[in-house]
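Colleague: Please take one strand of this model and go through it closely, beginning with a single pairing. After that, set it beside the contacts and the pocket found elsewhere in the chain.

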Amino acid sequence: MNRYFLTFVAAVMLSMASSANESSFDTGAQWIWQAEDGPKNTWVAFRKEFDLKKVPETALANISTDTKYWLWINGEMVLFEGGLARGPKRDGIYYDEVDIQSFLKPGENSVAILVWYWGKTAKTHDDSGMGGLLFSADLGEMVLTSDRTWKLKQHPAYDPKSKGLHRSANRPNAMDVKYDARKAMGDWTSKGWNSTEFSMDESWKPATEKGASGAAPWGGLVKRPIPLWNDRGLADFELLRIGEKKITLPYKTTGEKKTVIWGKLPFNKQITPYLKVKSNGGKTIEIGMDNTFNLINAQYTTTHGEQAFETYSWMSGHEVKYTVPPGVEVLELKYRWTGLGEIVGSFECSDPYFQRIWWMAANTLYICARDCYMDCPDRERGLWIGDVADQTGAVFYTLDEAGRLLLKKGIDNTIAYQDSDIIQGLAPGFGDYRGKSSELTAQSLQYIEQGIWRYYFNTGDKATLANAYPSVLAYLKLWNMESNDLPEIRKGYASWIDWGTNPDRPPVEVCWYHMALNAAKTMALELGMSADVPWYDERIQSIEENFDAVYWRDGYYGSAGAVKDERVSALAILTGLADESQYDALLKNVLITEYNASPHMEWMVEEAMILAGDTAAALNRMKERHAFQVDDESVTTLCEKFGPRKGTYNHAWNAPNYVLSRYIAGISATDVAWKEYQVLPDLAHMTAVKQVVPSVKGDITVDIKRTDKTYTMKLISPEGTTAVVGIPKASISPRTIEVNGFKVWKNGEFTDNVSGISWNGEDNKYIKFNVGPGTWTFGAK
């Protein structure tokens, strides 16, 4: 069998899926736009009117745009912000499938679509160079397709010259919204351009056909791989204030100066602000956030009378800032919260600090997920794969299926934009970053194990693994070995490993390479690529035989002459280069005493400390490092850096929720796709922990309570799983253990009294049992 047969099969399957996706569009569907290809940052309104004798039982519309769109049918909003940043592959674009059946009616119908063309390549968006709309819907008696019979008009109220058009490619793709209501087309009224009451005049022109499905520059169509946004509708703020004074609406601004009204959110969210005011024309209202790193803002210029507006370019923060000129009566201020999927995992415990930090980390993760996983929702919004690697472990304890699908999308995007065998640190968007590939060697290596492999192990998605594996092997083979039989450190575009202090890069990179080799070897075995294994084994063995000779410093790991760096010793534990006999020294000399790591690697230090046997010290370190933000009730997310210069206050690479779920609740998969998992809790000082894990097999719920004399654990285990459950000896020295009211263990002996449970053994930490699906209540005393 050809050694890459499986990869070839996966590629064929993906190709077939792509072809099937393209067939979803009727052959008559045409990409349409105005005559010119742009311009950049353009908002174009489209309308189409048609008749139906009867409403079909099903009606799915397939819609693709460069870049974003909003859809109304018969005046009702069907979809708030469709479309994805372009870049499923270098010559492709995503399309959405939208159920429109319930919005149709017998007789005359209208479709209205507002398309926002970004027109710039940055971070996670690969600009096609041309705005466009492609639409196809089988309505039974007719197929409605986009063509020259549609009418369009560049929306005159949206100014293409708003801020952000020429923003650095190292900043968000989206731009500010600058809207002049004096040029509006009845938006946010019952007779607006998107309503059934609207009549088009001669300023609405026939659309220009730009090409059929699959035509350049948009390329092949790929079905949206993640769900549409969860639109929770417009909501009131928790409170409105001017300075420290709480206000109620309506409120009329007076005096000569502008008034700043703050709208407080319950917690940090991805939101689009809304206003309704009464004013004379020509007054400009500025809309932004409390977040100083937020680069997306809005500017609204009033018309005469009562009017409403919602900026469609999302922002994030804890409070919305409305700067309102004198003489404006503010009638309503609201916001719309949108996002991908839901937070469905949870962690509760007897220590409020750790319960709060878990929730903050979960919220941080959720806000950093949309078109892709991103480093932050404000300054950059980039798919930096090291950040995604940090997020990946937490995803499987926190988010629903949508979150898992977004991980797959990130892997597929990253592999599609591999450049000269380099797994880039950021893709798509720009492979040529500062004149060279965006390779961040530490992130590229980290992503192999903590991103790609961890995704597969938790989902069982072998097609995605097969698609990624050849790129993984090719990248690892770019690394040369030095005369000391350790890998030569590649330069990449920057010698970055972490934002913390005193980075000792060489041994950190060696550890990452060793970890990546082990992960890739496991991938090869999983995919039947056994011919690749000897190459991995040779390099793994070389590193394991020489690492200590080069980097052991009599009690810790590091380069000669370098400042002690706890990140090196932590990775040595995580990758297995450190021997258990060295753990006590590593804890004493660096892991407990040194504080160089930023949040990007801090969670790995804490994980290493737990693996080295000191859970209490790990929790104490987590508490010390994060206290400045966890204790601040005004903050609901975790920041980029420790210390006074904290960077963005919502940054992806915070993963204390992974550490708490994986090691304190003690729940982790031990076989692919959670077919087998373990519950080996380590509560340390806590007396109660409850965890819900949204695994691919279904929710796993563990509820633990303990006293000085008793230990109870209730496990709800889904179908198709086998769990190993451990009663921790550190928490209790039991004489008897009961399960569902029946005695199964007494004084060291297992008694087979309960169907579905069997003996797994005993070690120095746990008394262990195997259990199948169902509800199991363990009681030890």
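Modeller: I would begin with L60, whose bridge partner in β6 is D99, bearing in mind throughout that this is a predicted model. That pairing belongs to a longer run, in which β3 and β6, the latter being residues 92-99, are joined in the antiparallel sense over four bridges. β3 also pairs with β8, again in the antiparallel sense, here over six bridges, and within this second pairing N62 stands opposite S136 of β8. As for the surroundings of β3, which spans residues 60-66, six of its seven residues are buried, so the strand is largely enclosed by the rest of the structure. As a general point, side chains in a regular strand alternate between the two faces of the sheet.

From β8 one can move to the loop that lies between it and β7 (107-117), since K123 is found in that loop. K123 forms a salt bridge with E380, in which the closest N and O atoms are 2.7 Å apart. E380 sits in the loop between α2 (352-367) and α3, and because the two partners are 257 residues apart in sequence, the pair ties together distant stretches of the chain. Both K123 and E380 are buried.

This is one of 35 salt bridges in the count, and it can be set beside two others that also link distant parts of the chain. Side chains of opposite charge can pair when their charged atoms come close. In one of these pairs, the side chains of R232 and E342 meet with an N to O distance of 3.3 Å; R232 belongs to strand β15 (residues 230-236) and E342 to the loop between β24 (329-339) and β25 (346-349), the two being 110 residues apart. R232 has a relative accessible area of 26%, and because this falls between the 20% and 50% limits, it is classed as partly exposed. E342, at 32%, is likewise partly exposed. In the other pair, E310 forms a salt bridge with R336, where the closest N and O atoms are 2.8 Å apart; E310 lies in strand β22 (residues 305-310) and R336 in strand β24, 26 residues away along the chain. E310 and R336 are both buried. There is also a network of salt bridges that links K68, E81, R370 and D371.

A polar contact without charged partners is found at T301, which is placed in strand β21 (residues 298-301). Its side chain makes a polar contact of 3.3 Å with the side chain of T284, and T301 is buried, with a relative accessible area of 8%.

Finally, the largest pocket has a volume of about 710 Å³, and among the 25 residues that line it, those closest to its centre are E449, R454, E607, Y658 and R662. At least two lining residues each come from α3 (385-398), α5 (441-459), α7 (505-527), α11 (599-611), α13 (656-664) and the strand β28 (667-669). α5 provides the largest share, with six residues. By residue class, the lining divides into 12 nonpolar, nine polar and four charged residues.

Terms used. Residues numbered from 1 in each chain as written. Predicted model: local features only at pLDDT ≥ 70, side-chain atom pairs only at ≥ 80, totals over all residues. Heavy atoms only, no water. 1 Å grid on protein atoms, 1.4 Å probe; cavity = no way out; pocket = protein on both sides within 12 Å on 5 of 7 lines; lining within 4 Å. Points joined across faces, edges and corners; volume = space filled by probe spheres on them. Nonpolar A, V, L, I, M, F, W, Y, C, P; charged D, E, K, R; others polar. Salt bridge = Lys/Arg side-chain N within 4 Å of Asp/Glu carboxyl O. Buried < 20%, exposed > 50% of the residue type's maximum accessible area, 1.4 Å probe, protein only. Pairing = 2+ DSSP bridges. Polar contact = N/O pair within 3.5 Å; in protein donor to acceptor, adjacent residues only side chain to side chain.
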